[in-house]
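Biologist: I'm new to this one. Can you put it up and walk me through it?

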Amino acid sequence: MTETVQREVGRARPRKEDAHLITGQTTWTDNIVVNGLLHFALLRSPMAHARIERVDVSPALERPGVIAAFSGADLAEGLGSMPCVWPVTEDIVMPDHPPIAVDEVRHAGDAVAVVVARDRYAAADALEAIEVDYEPLPPVLDLEAALEPDSPLVHADKGTNRCYTWPLKTGEDFDSVRRRAEVTLKRRYHQQRLIPNAMEPRAVVVTPVSASGEYTLYSSTQIPHIVRVLMSMVTGIPENKIRVIAPDVGGGFGSKLQVYAEEAIALTVARRLGRPVKWTESRSEGYLATHHGRGMIQDVEIAANRDGKVLGLKVDLLADMGAYLMLITPGTPLLGAFMYPGIYKMDAYDFTCTGVFTTRTPTDAYRGAGRPEATFAIERTMDELAVELSLDPVELRRRNWIRHEEFPYTSIAGLTYDSGNYEAATAKALELFDYDKLRAEQADRNERADTVRLGIGVSTYTEMCGIAPSRILKDLRYAAGGWEAASIRMLPTGKVEVVTGTSPHGQGHVTCWAQIAADVLGIPFDDVEVVHSDTRAAPQGMDTYGSRSVVIGGMAVHHAALKVVDKARKVAAHLLEASEQDLDFANGVFSVKGSPEARKTIQEVAFETFSSHDLPDGMEPTINAEHLLDPDNFSFPHGTHLCAVEVDTETGQAHIRSYVCVDDVGRVINPVIVEGQIHGGLAQGIAQALYEEAVYDEEGNLVSGTMADYLVPSAADLPDFVTDRTETPATSNALGVKGVGETATIASTPAVVNAVLDALRPLGVTDIRMPCTPQRVWKAIEEARS
């Protein structure tokens with residue numbers, strides 16, 4: 001009999017990758033030390049908008065330890081414009097983006113000069129010796145004012161601050177739906193700018209081999225393969241001469257889904273000097289130079305009938321591009337364009353996004369990238385509609401969501417949701433939350449005019465994960481593909497190397513990919529190693545972002561492993577003198593049907609293939625295999641989040657009393673990792689609701705430019721979370737998996753804000769801009785009272 005072996009998929013294994021992290025045996029980019037290493041520092045503009053009249057770097061050369069210094073003009077030759085790979089419309093305005101400013105600075109933090117020294121402190125100290133003359137130009141900060149004909153221009157040569165206008169209209173004409181609706185509501189929401197705070201700052205090291213013209217670039221990046229391609233295009237160094245390695249990367253959240261000027265500068269300086277160079281950002285420098293997230297004004301109109309049936313949705317966005325278009329800046333708000341209808345059925349959808357240039361740090365992807373903004377808008381609006389109709393917010397959602405028997409369902413925005421069960425997730429969440437009891441307590445507090453009010457927030461969401469397939473990306477004018485690569489190397493000793501094109505930075509790919517491969521190959525989990533994040537060791541890949549990894553990268557591993565089994569079957573059949581059709585394969589063993597004693601393990605086949613003494617005629621001596629997967633559809637996780645908030649009306653302090661979320665991420669590879677992703681996502685979503693905001697003054701200076709001014713919540717600021725799952729397997733892949741990395745961030749922000757407003761509506765408060773700080777909450781209460 002075949003021995004029963006516990007399957008790895010679904011098993012709560014501790015992460016393989018944690019041992020070296022928690023014992024300090026890591027290789028962060030800033031840890032890398034090589035012979036002859038130099039350090040460079042960047043002088044950054046203190047002004048948001050100014051013309052550069054003069055840059056004199058010569059005084060810096062006199063400082064101790066300084067090796068070289070360069071202005072933007074000194075490095076301009078051989079350095080192209082920084083890339084944007086998503087020109088979302090044919091007439092999009094795409095200004096040049098020099099890695100170092102030459103003629104004009106367009107945001108505080110724009111680099112204007114470089115100092116190279118023997119250590120980082122000497123380089124930083126020498127920056128103060130550089131002389132720069134600026135002619136101030138007016139800042140551009142207000143999104144609406146920026147579109148006025150007399151507005152100052154961020155890029156004068158373009159004649160406009162409008163980057164693009166992108167429409168999407170589906171279903172019936174919204175105007176006709178509005179006319180027949182019994183209720184229409186208009187609301188304006190502000191998505192504040194957020195500053196990413198990965199645990200590890202950005203860093204880059206370049207080691208040149210001058211004799212051969214080769215360069216190894218180490219970078220704290222999410223996208224080593226994409227960096228390699230685009231660095232070749234920016235610097236002119238042939239792609240085959242560039243090797244990119246992402247060592248241990250301490251978080252990214254989208255901020256490292258980027259090709260940064262510092263990478264291009266490092267390559268250029270290393271090429272000029274023939275010496276290895278390193279740059280590591282300070283935290284305050286990163287606040288200026290690492291791209292920001294969100295930054296948007298949302299005007300939303302919903303049309304419905306008195307019974308609560310939603311008829312149509314109209315969304316107009318003004319999206320802050322910042323000063324330049326970075327890698328996917330224009331497309332980031334459009335990732336949410338297909339998600340504003342959420343899980344709801346309706347007859348009309350009218351969406352328009354206008355991108356606007358400002359003299360602020362460029363925006364780009366931040367955890368969720370367009371989807372949190374969309375979910376916030378629709379879930380806030382559904383709560384507003386429930387208030388207007390005097391309906392319980394859960395009941396209103398129930399009257400409009402897609403029922404489980406209706407899947408697959410093509411949403412009004414044109415996406416085909418393959419599977420889901422919103423009823424089941426919501427029912428479980430309500431039970432865990434004790435919804436009715438909390439509503440009764442809320443009514444009692446309101447009746448007593450308690451100074452501490454209780455509010456209950458609801459958020460029911462879905463999202464699209466895994467930016468693909470490539471044909472769709474072509475239609476959206478995105479330059480890259482949505483595929484992913486994996487290969488399986490069976491070693492002669494029976495061990496396995498999984499080579500993946502995904503590049504993890506905390507997600508647990510090493511563990512999950514080992515579990516997937518171990519199940520298919522029938523080998524022990526501990527016998528699998530995962531190779532990643534090095535363009536020489538793992539030459540093909542599209543990297544990690546957008547909750548794509550398991551549904552594309554993990555599935556590529558699954559299919560590559562199946563190919564290994566198919567190849568091994570041919571060898572095993574030959575060795576066992578049987579036909580392939582007569583072989584069973586289970587738990588890593590090929591056996592002849594009816595003669596189970598005639599058997600070969602897949603490890604034995606691997607060694608026989610290595611020796612090549614007795615292979616089938618014409619067969620190459622390998623059972624290794626690779627697979628490139630381009631999926632047919634996105635994946636669509638969903639769930640229900642419920643938040644109870646207590647608001648002290650005398651101080652404005654909002655305290656999360658309880659938080660329950662039930663998410664459906666399809667089949668789970670590793671429950672421990674899923675829980676970790678959800679907890680981290682909740683922290684970031686709650687942070688937007690209550691704590692974080694990038695604030696600029698009227699001159700365009702970032703006044704929340706340090707951790708003393710920009711409030712990142714700690715564990716002490718967050719509640720204990722109650723998490724659970726329902727499981728509706730995806731039908732778009734063989735394992736039934738869906739994305740999970742951004743779900744909680746997407747769902748949690750509206751749940752918290754809805755709860756705060758639910759607590760304060762009896763006092764006349766109808767809206768509070770995020771973050772809902774004690775000062776803003778108190779001010780809203782006082783204004784309502786007066």
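Modeller: Here is a short tour of a sheet, a pair of helices, a pocket and some cavities. Keep in mind that this is a predicted model.

Biologist: Let's start with the sheet. What order do the strands S2, S4 and S6 have?

Modeller: The order is S4-S2-S6. The sheet is open, has three strands, and its pairing is antiparallel. S4 (104-105) and S6 (131-136) are the edge strands, and each pairs on one side only.

Biologist: How many bridges join S2 to S6?

Modeller: Six. S2 covers residues 50-56 and runs antiparallel to S6.

Biologist: Which residue in S6 stands opposite Asp-56?

Modeller: Glu-131.

Biologist: Switching to helices. How do you describe two packed ones?

Modeller: You give the angle between their axes and the distance between the axes. Take H15 (residues 509-521) and H16 (residues 549-575): their axes come within 9 Å and cross at roughly 30°.

Biologist: Are H15 and H16 roughly parallel or roughly antiparallel?

Modeller: Angles under 35 degrees count as roughly parallel. H15 and H16 cross at roughly 30°, so they are roughly parallel to each other.

Biologist: And is the crossing left-handed or right-handed?

Modeller: The crossing of H15 and H16 is right-handed.

Biologist: Now empty space. How much lies in the second largest pocket?

Modeller: About 500 Å³. Its lining has 20 residues. Leu-141, His-190, Arg-360, Glu-693 and Arg-769 lie nearest the centre.

Biologist: Which element gives the largest share of that lining?

Modeller: S8, with four residues. Helix H5 (143-146), strand S8 (183-194) and strand S13 (293-304) each supply at least two.

Biologist: What's the lining like by class?

Modeller: For this pocket, nine residues are charged, seven nonpolar and four polar.

Biologist: How many cavities of 30 Å³ or more does a search of the whole structure find?

Modeller: Six. The largest cavity holds about 170 Å³ of space. It is lined by 15 residues, and among those nearest its centre are His-97, His-107 and Asp-110. Ala-261 and Ala-289 also belong to that central group.

Biologist: How does the lining of the largest cavity divide?

Modeller: Nine residues are nonpolar, three polar and three charged.

Biologist: What about the second largest cavity, what volume does it have?

Modeller: About 100 Å³. Its lining has 14 residues, with Pro-196, Ala-198, Glu-281, Arg-283 and Thr-290 nearest the centre. Five of the lining residues are nonpolar, four polar and five charged.

Definitions and conventions:
Residues are numbered from 1 along each chain as its sequence is written. This is a predicted model: local features need pLDDT of at least 70, side-chain atom pairs count only at pLDDT 80 or more; totals for chains, interfaces and linings use all residues. Side-chain values use heavy atoms; hydrogens and water are left out. Two strands pair if DSSP finds at least two bridges between them. On a 1 Å grid over the protein atoms alone, a cavity is a set of points where a 1.4 Å probe fits but cannot get out, and a pocket is an open set with protein on both sides within 12 Å along at least five of seven lines; lining residues have an atom within 4 Å of a point. Grid points are joined across faces, edges and corners, and a volume is the space filled by probe spheres set on the points. Ala, Val, Leu, Ile, Met, Phe, Trp, Tyr, Cys and Pro count as nonpolar, Asp, Glu, Lys and Arg as charged, and the others, Gly among them, as polar. Axes are lines fitted to C-alpha atoms, for helices over the stretch in contact, and angles run from 0 to 180 degrees between N-to-C directions. Angles under 35 degrees count as roughly parallel, over 145 as roughly antiparallel, 65 to 115 as roughly perpendicular and the rest as oblique. A crossing is left-handed if the near helix is turned anticlockwise from the far one by less than a right angle, and right-handed if clockwise.
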